[in-house]
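The exercises below concern one protein model. Each sets a task and then works through the solution in steps.

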There are 2 protein chains.
Amino acid sequence: MLSGSTTLIAHLGYPTHTFKAPLVYNPWFESKGIDAVVVPMGVEAANYPDFLRALFTLTNIRGALVTMPHKVTTTELVDDLSRAARVAGAANAVLLREDGSLYADQFDGTGFVRGVLRKGFDPRGTRALVVGNGGVGSPIAASLAEAGVAALGLYDPSAGASAVLRGRLEEHFPELEVRTGSADPDGYDLVVNASPLGMDDHDPLPVDVTRLSPATFVGEVVMRQQFTPFLRAAMERGCAVQVGTDMLYEQIPAYLEFFGFGTTTPDELRAVSLLEDHPALGETEDPTS
Amino acid sequence: MLSGSTTLIAHLGYPTHTFKAPLVYNPWFESKGIDAVVVPMGVEAANYPDFLRALFTLTNIRGALVTMPHKVTTTELVDDLSRAARVAGAANAVLLREDGSLYADQFDGTGFVRGVLRKGFDPRGTRALVVGNGGVGSPIAASLAEAGVAALGLYDPSAGASAVLRGRLEEHFPELEVRTGSADPDGYDLVVNASPLGMDDHDPLPVDVTRLSPATFVGEVVMRQQFTPFLRAAMERGCAVQVGTDMLYEQIPAYLEFFGFGTTTPDELRAVSLLEDHPALGETEDPTS
């Protein structure tokens, strides 16, 4: 129950009706007796810089979850950024540090990587293909680089998106082999759909699944349904997979650690979450909305 | 449960640990299935003007409850003010109107007057003494004037506070008889302690109770204990009384109407309130904190 001693985590984005985080964090805070709350706040892009500044003058704010359309802008509004956020060119968490400065990190990619690790796939030294190099694919690529992949394939219908991401990866990870321009999954140990393909039933598949090896691990960010057509096709070929909501539930423990609330597990979160019954689920491909 | 469709009412003040409103409003919203939440936000005075402006750029905000130290400043930051707020020189509620403008009103006094009316005391045509002409006494005096008292006695250890309030009352209620400078309760139909006297057990009584008529109705704003020494002394003389928390519970229906959430009764609020068990109760004389 909210009171004058409650610590606030703002959830910033627009529109708000697809927000998922409050439906997972708040039941967990309650189950743990933690006096904190995630408060959904709808902020349009034009108002975001002023709002963010004002928000962090509150005396009971600890941080913010940031979702669309503010993830890129946030990198320009804080005092310090993690390497993953620099490479992603986006941030989805802001922490008010004790000295009053704002520090931002990104956890979309963290959630993806934690998920595949939990499933026994260690990205270290592997070759990974990220299809979709925008707001979700860039953080995933950044976190895969942090996790030690040997090579990253980047593909986006917008070649410019891939080129920008490639430039940032090469700047921060000079040893990493980066390829762009092809969505051919052949030869990759890990293939990730980080594009919106799969949101609509009539979407084409993001890659040519006939070129997928059964040994390839396949990840998905779309969470409109548990098993998208892409995941179903990959499973038919014998691939191990990770569903879209895993990325959401896996990143929350990382967020909680970032904000200083301890940690938890995806299973514990799923046990208390109110998300599955809520229309917000799946209306956006953004796992942190 | 908070979600992306939840309407926010900000609760603005500093410090926050004495905030009472979330402990009453939120259980009531929940009991009624209303998708709204009062969010405590600690704002220091220097940050308040910028924060208030930024707050009302949110897409899911409807209004704000305003408490110390911002009630006076608020009157200078909104587009329009109720007459009661003008007379009080203070506002404790801000509504974002459909046209985007901000309208402020005050409900401290409203709550007091609703309470005495419910107890059968109609202020119309009566003589009322308000002891303490600061942040709580001024709104009570304004609402008593709105309710049609014939004469108002004002007393404050700071003669300047009484003089300022008197000036505003005379401007907006030219027919009203206003007296200042004496706390003698003799001859009044209604006597209100709107001073902090009673917060501490060793405080003197706010008026000389030996001069109280048994026919005088006596009201209190201090809510540190249900029956303050002043109320107990008045009851011993046979006076009807109103306790401090009545003012809180009586003003909430008025607030809910102002924000467009329908209405309720103090009894219904008390039935769901979590306030009585909470340390916030009574730590301040401000009934809207």
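**Exercise 1.** In which sense do strand β1 (residues 7-13) of chain A and β3(A) pair, and over how many bridges?

Solution. Some conventions come first. This is a predicted model, in which local features need pLDDT of at least 70 and side-chain atom pairs count only at pLDDT 80 or more, while totals for chains, interfaces and linings use all residues. Residues are numbered from 1 along each chain as its sequence is written, chains are lettered from A and ligands numbered from 1 in the order in which they are written, and side-chain values use heavy atoms, with hydrogens and water left out.

Step 1. Strands (E, at least two residues) and helices (H or I, at least four) are DSSP runs numbered from the N terminus; two strands pair if DSSP finds at least two bridges between them.

Step 2. β1(A) and β3(A) pair in the parallel sense, over five bridges. Within β3(A), A:Ala64 stands opposite A:Ala10, and A:Leu65 stands opposite A:His11.

**Exercise 2.** Find the strand that β3(A) joins through three bridges, and place β3(A) in its sheet.

Solution. Step 1. The strand is β5 (residues 93-96) of chain A, and the two run antiparallel. A:Gly63 faces A:Leu95 of β5(A) as its opposite residue.

Step 2. The sheet is open, has six strands with mixed pairing, and follows the order β2-β1-β3-β5-β6-β4 in chain A. Its edges are β2 and β4 (80-81) of chain A; each has a single partner strand, so one side of each lacks a neighbour in the sheet.

Step 3. Two helices pack on this sheet, contact meaning heavy atoms within 4.5 Å. α1(A) touches β1, β2 and β3 of chain A, and its direction makes about 165° with that of β2(A). Helix α9 (residues 244-259) of chain A touches β1, β3, β5 and β6 (102-105) of chain A, at about 20° to the direction of β5(A). For these angles, axes are lines fitted to C-alpha atoms, for helices over the stretch in contact, and values run from 0 to 180 degrees between N-to-C directions.

Step 4. Five of the six residues of β3(A) (residues 61-66) are buried, so the strand is largely enclosed by the rest of the structure. Buried means under 20% relative accessible area, with a 1.4 Å probe and protein chains only.

**Exercise 3.** Which strands are the edge strands of the parallel sheet of chain A, and which helices pack on it?

Solution. Step 1. The order of this open sheet of six strands is β9-β8-β7-β10-β11-β12 in chain A, with parallel pairing. β9 (177-180) and β12 (241-242) of chain A are the edge strands, each pairing on one side only.

Step 2. At one end, strand β8 (residues 151-155) of chain A runs parallel to β9(A), joined by four bridges. Here A:Gly153 and A:Arg179 stand opposite each other.

Step 3. Helix α6 (residues 137-146) of chain A packs on the sheet and touches β7 (127-131), β8 and β10 (190-193) of chain A; its direction makes about 170° with that of β7(A). Helix α8 (residues 229-236) of chain A lies across β10, β11 (217-220) and β12 of chain A, at about 170° to β11(A).

**Exercise 4.** How many of the residues of helix α5 (residues 108-118) of chain A are buried, and what covers them?

Solution. Step 1. The count is eight of eleven, so α5(A) is largely enclosed by the rest of the structure. Among the buried residues are A:Asp108, A:Phe112 and A:Val116.

Step 2. The cover includes α3 (71-77), α6, β10, β11, β12 and α9 of chain A.

Step 3. After α5(A) comes A:Gly120, which has a positive phi, near 95°.

**Exercise 5.** Locate the cis peptide bonds that precede A:Pro15 and A:Pro69.

Solution. Step 1. A:Tyr14 and A:Pro15 are joined by a cis peptide bond with omega about 0°. A:Pro15 lies in the loop between β1 and α1 of chain A.

Step 2. A:Met68 and A:Pro69 are likewise joined by a cis peptide bond, with omega about 5°. A:Pro69 belongs to the loop between β3 and α3 of chain A.

Notes:
Buried means under 20% relative accessible area, exposed over 50%, partly exposed in between (1.4 Å probe, protein chains only).
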